[in-house]
Amino acid sequence: MSESRQQQLLIAWFKLQYPGKIIFAIPNGAMLGGRNKVQMGVLRKREGLLKGVADLFIPIQKGEYAGLFIEMKNVGKTRCSVTEDQKWFLDEMNAAGYKAEWCAGFDAAKEVITEYMKGR
């Protein structure tokens with residue numbers, strides 16, 4: 001199953017598990033679109049596109065954390081699949097008072113969210 005499908009399942013699960021709570025995707029470099037990706041890339045960077053930004057954000061404060069960022073990877077991926085830009089972003093968000101994790105697939109992300117929502 002693709003990383004995209006894993007993320008779609010996670011969003012559907014979250015909305016059922018936590019009705020009324022917010023989770024959203026953050027479009028990144030893979031979603032530039034348009035005919036000319038170079039021009040679109042320049043435009044998106046001017047608009048604030050930042051390499052390495054996590055895929056998902058839950059803007060709910062829990063305990064010491066101001067919110068939860070999740071970088072989705074497909075099942076079977078290891079930390080080696082997290083790019084240097086993604087590692088930098090996760091580290092920066094953790095230092096800024098957010099919880100920021102990378103997850104290999106739906107089950108791993110579901111576990112991180114479940115623990116986070118308990119306030120741990």
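Helices and strands are taken here as DSSP runs, numbered from the N terminus, with at least four residues for a helix and at least two for a strand. The model described in this report is predicted.

Read along the sequence, the chain follows the pattern α-β-α-β-β-α-β-α, which comprises four helices and four strands. Of the 120 residues in the chain, 38% are buried, and the accessible surface comes to about 7400 Å², with 53% of that surface belonging to carbon and sulfur atoms. Among the contacts in the chain with a separation of 6 or more, 69% are made by residues 24 or more positions apart.

**The last helix and its surroundings**

Helix α4 covers residues 106-117, and its twelve residues should span 16 Å at 1.5 Å a residue, which agrees with the 16 Å between its end C-alpha atoms. Within α4, the residues F106, A109, V112, I113, Y116 and M117 are buried. These buried residues are on the same side of α4, because they cover an arc of only 135° around the axis. On the other side of α4, by contrast, D107 and E111 are exposed. The cover over the buried residues of α4 includes helix α1 (3-17) together with the strands β2 (56-58), β3 and β4 (99-104). Just after α4 comes G119, a residue that takes a positive phi of about 90°.

**Aromatic rings**

A pair of aromatic rings is described by the distance of the centres and the angle of the planes. The structure holds nine aromatic pairs, and two of them are set out in the table.

| Pair | Centre to centre | Angle between planes | Arrangement |
|---|---|---|---|
| W13 and Y18 | 5.9 Å | 85° | edge-to-face |
| F69 and F89 | 5.2 Å | 85° | edge-to-face |

Both pairs count as edge-to-face because planes over 60 degrees apart are placed in that class. In the pair of F69 and F89, F69 lies in strand β3 (residues 68-73) while F89 lies in helix α3 (residues 84-95), so the pair ties together parts that are 20 residues apart in sequence. Both F69 and F89 are buried. In the other pair, W13 has a relative accessible area of 14%, and Y18 likewise has a relative accessible area of 14%; each of these residues therefore counts as buried, since the cut-off for that word is under 20%.

Beyond single pairs, ring pairs also link F24, F57, F69, F89 and Y98 into a cluster, and F69 and F89, the edge-to-face pair from the table, therefore belong to that cluster as well.

How values were computed. Residues are numbered from 1 along each chain as its sequence is written. This is a predicted model: local features need pLDDT of at least 70, side-chain atom pairs count only at pLDDT 80 or more; totals for chains, interfaces and linings use all residues. Side-chain values use heavy atoms; hydrogens and water are left out. Rings of Phe, Tyr and Trp (its six-membered ring) pair if their centres lie within 6.5 Å; planes under 30 degrees apart count as stacked, over 60 as edge-to-face and the rest as tilted. Buried means under 20% relative accessible area, exposed over 50%, partly exposed in between (1.4 Å probe, protein chains only). Contact means heavy atoms within 4.5 Å. Accessible areas come from the Shrake-Rupley method with a 1.4 Å probe; for residues, only the protein chains shown count as cover. The expected span of a helix is 1.5 Å times one less than its number of residues. The arc is that of the directions from the helix axis to the C-beta atoms.
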